[in-house]
Structure formats: structure tokens, C-alpha cells
Amino acid sequence: MVKTILISGSPRNGKTESILKEMDGELILLRNLKIKHCTGCLTCEKTHKCVIQDDMQALYPKLENADVIVIGTPNYFENVPGILKDFIDRTCPQSFSEKLKGKKLMPIIVGEMAIEFQKRVTKNALECFARAHNMILEEGKYFQNTLDF
Ligand SMILES: Cc1cc2nc3c(=O)[nH]c(=O)nc-3n(C[C@H](O)[C@H](O)[C@H](O)COP(=O)(O)O)c2cc1C
């Protein structure tokens, strides 16, 4: 069976979460977790581990056990919100250990503007994330959210 993990990068219970809740897989709400900024120490380059002890430690094995990693995120200035960027930065140990290699990365992007602007979030934030981990970037799904949440 394909194991899917659904990561919500939205700081609130809004459109992104409602889309992810319709999908199969384990839903992770970053807004409920304590994930500190990467400090750039690069200890992980040698140890393949992060020295920061917070909720990210429980996410590392979850990511490694998944076949498909869905990243659901609102469009914030054609990038991802800070809480999701912190999560991405903290996967640095796994880029050195190559533990996420070959997994599928599926973007789900939600924003107010036309779809072409939503695709820029993948370009600006997720293409490099996928490349750095040797993950396979899937086509993704893009939503224009014209409703108020
Ligand atoms: C700080 C901020 C920046 C935003 N920038 C954009 C943007 O550049 N383009 C866009 O289409 N929507 C932008 N939006 C709108 C959100 O992407 C949109 O409301 C989204 O549906 C919110 O998702 P959520 O309901 O999961 O929080 C922005 C919203 C905020 C709060």
C-alpha cells in the first residue's frame, strides 16, 4: 500500500486544510507543532541529524516512512508561509542522508489569484526542495480560492 503523508503549511484552519482533509493519508498540521528555525549550524552535514530538539524530530521518521509527501500550502507572496519554510529548512539532515530520495512530492497550492500565480509557489519554493532531496516532483493541484474563510 502507498503511504501518503499530508503536510499542511497553513497557519490557520482554512482552505488548504479543508482540501487536505478530503485526501487519504496522515494529516500533519504544522500550525500545531513547535518547529524552530534552522540555525544554519550545518552539524547535520556530518551527523545527518538535527541538534534542535523539538517537534521536527517526530516528523523525520514519518517523512522517511512515506512514499508520497503532499505539501499543502497557501500562496504567501508567491512563496510558502514561514512555518512551512521552517519545516523545509529543517529537512536539511535528510538531504545529506538522502533519506527522502525517490519519494513523490505533490504540491497542493491555494491562493486568491489566477492559477498561473499559484504555480509560482512551486517554482519558488518546492522545485528546489524536491531537487535537493532527489524527490520526484509531481504535477500538483492548484486552486484559486475566491471564498472567504
Ligand atoms: C501574507 C499573505 C500573502 C498572500 N499573498 C498572496 C499572493 O501572492 N498570491 C495569491 O494568490 N494569494 C495570496 N494570499 C492569499 C492566500 O493565499 C489565500 O487567502 C489562501 O487561500 C489562504 O489559504 P488558507 O485558507 O489555507 O489560509 C496571501 C495571503 C496572505 C495572508
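How do the residues of the shell around the ligand divide into nonpolar, polar and charged? In this predicted model, the shell comprises 7 nonpolar, 6 polar and 4 charged residues. Altogether, 17 residues surround the ligand, and the closest are Gly 14, Thr 16, Pro 74, Gly 111 and Met 113. Two or more shell residues come from each of two elements, namely helix H1 (15-21) and strand S4 (104-111).

It is worth turning next to the strands. Strand S3, spanning residues 68-74, is mostly covered, with 6 of its 7 residues buried. On one hand, S3 is joined to strand S1 (residues 4-8) by 5 bridges, and these two strands run parallel. Within this pairing, Thr 4 has Val 68 of S3 as its bridge partner. On the other hand, S3 pairs with S4 through 7 bridges, again in the parallel sense. Here Ile 71 is found opposite Pro 107 of S4. S3 thus has bridges to S1 and to S4, and S4 is one of the elements that give two or more residues to the ligand shell.

Helix H1, the other element named for the shell, also contains Lys 21. Is this lysine buried or exposed? Lys 21 counts as exposed because it has 12 C-beta neighbours inside 10 Å, and a residue with 12 or fewer falls in that class. Lys 21 can also be placed relative to Phe 77: the two are 56 residues apart in sequence, and their C-alpha atoms are 24 Å apart in space.

Note on methods:
Residues are numbered from 1 along each chain as its sequence is written. This is a predicted model: local features need pLDDT of at least 70, side-chain atom pairs count only at pLDDT 80 or more; totals for chains, interfaces and linings use all residues. A residue is near a molecule or strand if its C-beta atom, placed from the backbone, lies within 6 Å of it. Helices (H or I, at least four residues) and strands (E, at least two) are DSSP runs, numbered from the N terminus. Ala, Val, Leu, Ile, Met, Phe, Trp, Tyr, Cys and Pro count as nonpolar, Asp, Glu, Lys and Arg as charged, and the others, Gly among them, as polar. A residue is buried if 20 or more other C-beta atoms lie within 10 Å of its own, exposed if 12 or fewer, and partly exposed in between; C-beta atoms are placed from the backbone. Two strands pair if DSSP finds at least two bridges between them.
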